Amino acid sequence: MDMQTLLGEYISWAQQIESQGREVGIPLDANGIALAKEIGIKHPEKVRIIYLDTVPFPIENKALKAMGESLGFIGEGIVNNAQVFGYSIYVRHGFELNRPKLAHELVHVLQIERANFADVLRQHISDMQKYGYENAPLEAEAFKANIKYAIQE
């Protein structure tokens, strides 16, 4: 299966996950809304937090599972603590979503607001193939929020 087809399948799946999260997730509290506004999110009232045992990934699709493993999203020894799907932030139970970590995830929401969900997913996956997780530009931007808001705590 070519990468464009694979990306299309992943984007379609991710859009469903985002929609489900917006239905069942918890809205940000007053502090979260203030943080989201400070970060620049236009619609913080749309953001939802969903706590699960594991952050979702389409492992039932063998091709997508292989892609996820190759990018380091999933696999042995990899724990995905939080991931943004549009306005839905999926968080693993037991992961402390403190102010710096919430800021990191909210930067990803902002990135999606600035462009669109599908384009950001395409860019992020391409960047992760090129640079790896830590050095992917969208992650680098979000990691700056970790540092900025850790200093303010």
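This is a short dialogue about a predicted model of a protein chain.

Student: What makes up the secondary structure of the protein chain?

Tutor: The chain has 6 helices and 4 strands. Along the sequence they follow the pattern α-β-α-β-α-β-β-α-α-α.

Student: Why is the chain called as compact as a globular protein of its length?

Tutor: Set its radius of gyration against the globule rule. The radius is 15 Å, and the rule gives 15 Å for 153 residues. The two values are close, so the chain is as compact as a globular protein of that length. The C-alpha atoms fill a box of roughly 45 × 30 × 30 Å along the principal axes.

Student: How many of the residues count as buried?

Tutor: Of the 153 residues, 47% do. The cut-off for buried is under 20% relative accessible area.

Student: What share of the contacts joins residues 24 or more positions apart?

Tutor: Such pairs account for 71% of the contacts with a separation of 6 or more.

Student: How do you know that E1 and E2 are paired strands?

Tutor: Count the bridges. Pairing needs at least two. Strand E1, residues 26–27, and strand E2, residues 48–52, are joined by 2 bridges. That meets the cut-off, so the two strands pair. They run antiparallel. One of the bridges sets Ile 26 opposite Ile 49 in E2.

Student: And what makes E2 and E4 a pair?

Tutor: They share 5 bridges, against a cut-off of at least two. E4 covers residues 88–92 and runs parallel to E2. Ile 49 has Ile 89 as its bridge partner in E4.

Student: Why is the pairing in the sheet called mixed?

Tutor: The 4 strands form an open sheet in the order E1-E2-E4-E3, with mixed pairing. E1 and E2 run antiparallel, while E2 and E4 run parallel.

Student: What makes E1 and E3 edge strands?

Tutor: Each has a single partner strand, so one side of each is left without a neighbour in the sheet. E3 spans residues 82–85.

Student: Which helix lies across E2, E3 and E4?

Tutor: Helix H4 does, running at about 20° to E3. H4 covers residues 99–114.

Student: Why is His 104 in that helix called buried?

Tutor: Its relative accessible area is 4%. Buried means under 20%, so His 104 qualifies. Away from its sequence neighbours, His 104 touches residues including Tyr 133, Glu 139, Phe 143 and Asn 146.

Student: How do you know that His 104 and Asn 146 make a polar contact?

Tutor: Their side chains are joined at 2.5 Å. The distance limit is within 3.5 Å, and this pair falls inside that limit.

Student: What about His 108: buried or exposed?

Tutor: Buried. Its relative accessible area is 10%, and the cut-off is under 20%, so His 108 counts as buried. This residue also lies in H4. A polar contact of 2.8 Å joins its side chain to that of Gln 111. Further along the sequence or back, His 108 is in contact with Val 84, Leu 138, Glu 139 and Ala 142.

Student: Which residues touch the most other members of the largest nonpolar core?

Tutor: Among the 49 residues of that core, they are Tyr 10, Ile 39, Phe 85, Ile 89, Leu 102 and Leu 106. Tyr 10 has contacts beyond its sequence neighbours, among them Phe 57, Met 67, Phe 85 and Ile 125.

Terms used: Residues numbered from 1 in each chain as written. Predicted model: local features only at pLDDT ≥ 70, side-chain atom pairs only at ≥ 80, totals over all residues. Heavy atoms only, no water. Core = buried A, V, L, I, M, F, W, Y, C linked by side-chain atoms within 4.5 Å. Buried < 20%, exposed > 50% of the residue type's maximum accessible area, 1.4 Å probe, protein only. Contact = heavy atoms within 4.5 Å. Polar contact = N/O pair within 3.5 Å; in protein donor to acceptor, adjacent residues only side chain to side chain. Axes fitted to C-alpha atoms, helices over the stretch in contact; angles between N-to-C directions. Rg over C-alpha atoms; globule rule 2.2 N^0.38 Å. Lists of a residue's contacts leave out its neighbours within four places in sequence.
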